[in-house]
Amino acid sequence: MIPSKGYAAQSATTDLAPWNFERREVGPHDVQFDILYCGVCHSDLHQIRDEWGGSIFPMVPGHEIVGKVKKVGAHVKKFKFGDLAAVGCMVDSCRVCPECNAGLEQYCTGTGMVGTYNSRGKDGAPTYGGYSNHIVVHEDFVLHISDKLSLPAVAPLLCAGITTWSPLRHWKVGKGHKLAVLGLGGLGHMAVKFGVAFGAEVTVLSTSPSKEAAARQLGAHKFVVTSDPAQVKSVKGYFDFILDTVSAPHDMGLYLSLLRTDGTHICVGIPSDPIQVHTFSIMAGRKSLAASGIGGIPETQEMLDYCAANNIVSDIEMIDIKDIHKAYERMLKGDVRYRFVIDMATL
Ligand code: NAP
Ligand code: ZN
């Protein structure tokens, strides 16, 4: 086993603190890489606080991971020592079911996908994430990243990026569409960048009036403060798509009323409580309510390659790992422009 160190939560009510643990030896198909940066996703906070239930402790969070390859197994073909490498939200899946064969490993119907942390590998051992010094992952779940982009700003693409890219691509959002991005946080700001890049008219629906100027700098065409009834009224029945990135309970009926006939509301945010929707809110206008989970490995690589070719990265604020709880507090208040990234040299 390989001695490793990270920051872990020992229970749902304790703060993250330094923790020593072990990772598996590098197998014939494994890549081991030193973690240089790791993004801070709202899912990290949901899971260390066990807001979705079933959390496994001790938990080392982190699934927006970038670094440099230190060691590869004898049969590894895609990576060599010194390469840049990245891992997102999954480290394994059954690889034989129809979903895995279609590159939709996140929806694996065989064994289910293995999460990068708060999950169990095929050997039954818990997985530990990116708030740590290195990681060992099967090469099929390791992504290539370009050395042309700022490395810390690439890290959030591994979750915030692919989680917004995948539904926008699946529903073919682009020219001629009016897209609303609900919530301007880590996921939301990537949704704005991709929506604009794909040619949609992008409106940010936000609870934070102070984010308007920054939203327009990201390329948003309109900005609607959701606490202002007049502004909300101006976009009733207006949107083809709403991409909902909100992490807390919110009024689904209100937002569904902003869709035009046949419009689609796509949830990517995962509040801890079930959402409440009255049938009338979707019946009137034959609307669709959908949800989407991260993205498969081939489309994650496609997204990373697209970002390298089009110079797209995340807007980040770098932090020392000891300040992780201050970062969580600010994230909860919506006070981050737009993703915290941990400089793992501070571990
Ligand atoms: P984040 O950075 O905290 O952004 C969430 C944004 O939602 C906030 O910045 C805020 O934007 C808005 N918001 C927060 N509370 C709200 C409320 N009560 N009502 C209305 N808006 C509110 O979080 P994130 O990292 O982007 O993650 C967002 C959600 O997506 C989380 O639930 C996370 O677990 C989930 N997620 C899902 C997937 C998936 O595969 N589906 C993957 C990753 C993350 P404004 O200030 O603009 O209002
Ligand atoms: Zn995430």
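Helices (H or I) are DSSP runs of at least four residues and strands (E) are DSSP runs of at least two, both numbered from the N terminus. With those labels in hand, here are the close-ups, all drawn from a predicted model.

**View 1. The surroundings of ligand 1.** A shell of 30 residues encloses ligand 1, and the closest of them are Ser206, Thr207, Ser208, Lys211 and Arg339. By class, this shell around ligand 1 is made up of 16 polar, twelve nonpolar and two charged residues.

**View 2. Polar atoms facing the oxygens of ligand 1.** Have a look at the side chain of Ser206, where an N or O atom sits 2.6 Å from an oxygen atom of ligand 1. His46 also takes part through its side chain, with a polar atom 2.8 Å from an oxygen atom of the ligand. Leu187 contributes through its backbone instead: one of its polar backbone atoms is 2.8 Å from an oxygen atom of ligand 1. How much of ligand 1 does the protein bury? Taken alone, the ligand exposes 930 Å², and the protein buries 90% of that. Helix H1 (42-48) and helix H5 (186-197) are the elements that give two or more residues to the shell around the ligand. H1 gives the most, with three residues.

**View 3. Strand E4 and its partners.** Strand E4 (residues 65-72) runs antiparallel to strand E3 (residues 30-39), and seven bridges join the two. To find your place in this pairing, start from Asp34, whose bridge partner in E4 is Lys68. E4 also pairs with strand E5 (residues 84-87), again in the antiparallel sense, over four bridges. Here Ile65 stands opposite Val87 in E5.

**View 4. The enclosed space.** Rolling a probe the size of a water molecule over the atoms shows where empty space is left. How many cavities of 30 Å³ or more does the structure hold? There is one, and the largest cavity holds about 70 Å³ of space. Its lining consists of Gly88, Cys89, Met90, Leu143, Leu158, Ile162, Ile294, Gly295, Ile297 and Thr300. Of the residues lining the largest cavity, seven are nonpolar, three are polar and none is charged.

**View 5. The second largest pocket.** About 410 Å³ of space lies in the second largest pocket. It is lined by 21 residues, and those closest to its centre are Arg24, Asp123, Pro126, Thr127 and Val136. Strand E2 (17-23), strand E6 (90-92) and strand E8 (134-138) are the elements that give two or more residues to the lining of this pocket. Which strand supplies the largest share of that lining? E8 does, with four residues. By class, the lining of the second largest pocket divides into nine nonpolar, eight charged and four polar residues.

**View 6. Backbone details in three loops.** Most residues other than glycine have a negative phi, and most peptide bonds are trans. Phe57 and Pro58 are joined by a cis peptide bond, with omega about -5 degrees, and Pro58 is found in the loop between H1 and E4. Another cis bond leads from Arg337 to Tyr338, with omega near -10 degrees. Tyr338 has its place in the loop between helix H11 (324-332) and strand E16 (339-343). Finally, turn to Arg95, which is not a glycine yet has a positive phi of about 70 degrees. Arg95 is placed in the loop between E6 and helix H2 (98-101).

Technical notes
Residues are numbered from 1 along each chain as its sequence is written. Chains are lettered from A and ligands numbered from 1 in the order in which they are written. This is a predicted model: local features need pLDDT of at least 70, side-chain atom pairs count only at pLDDT 80 or more; totals for chains, interfaces and linings use all residues. Side-chain values use heavy atoms; hydrogens and water are left out. A residue is near a molecule or strand if one of its heavy atoms lies within 4 Å of it. A polar contact is a pair of N or O atoms within 3.5 Å; within protein, one must be able to donate a hydrogen and the other to accept it, and residues adjacent in sequence count only if both atoms are side-chain atoms. Accessible areas come from the Shrake-Rupley method with a 1.4 Å probe; for residues, only the protein chains shown count as cover. Ala, Val, Leu, Ile, Met, Phe, Trp, Tyr, Cys and Pro count as nonpolar, Asp, Glu, Lys and Arg as charged, and the others, Gly among them, as polar. Two strands pair if DSSP finds at least two bridges between them. On a 1 Å grid over the protein atoms alone, a cavity is a set of points where a 1.4 Å probe fits but cannot get out, and a pocket is an open set with protein on both sides within 12 Å along at least five of seven lines; lining residues have an atom within 4 Å of a point. Grid points are joined across faces, edges and corners, and a volume is the space filled by probe spheres set on the points.
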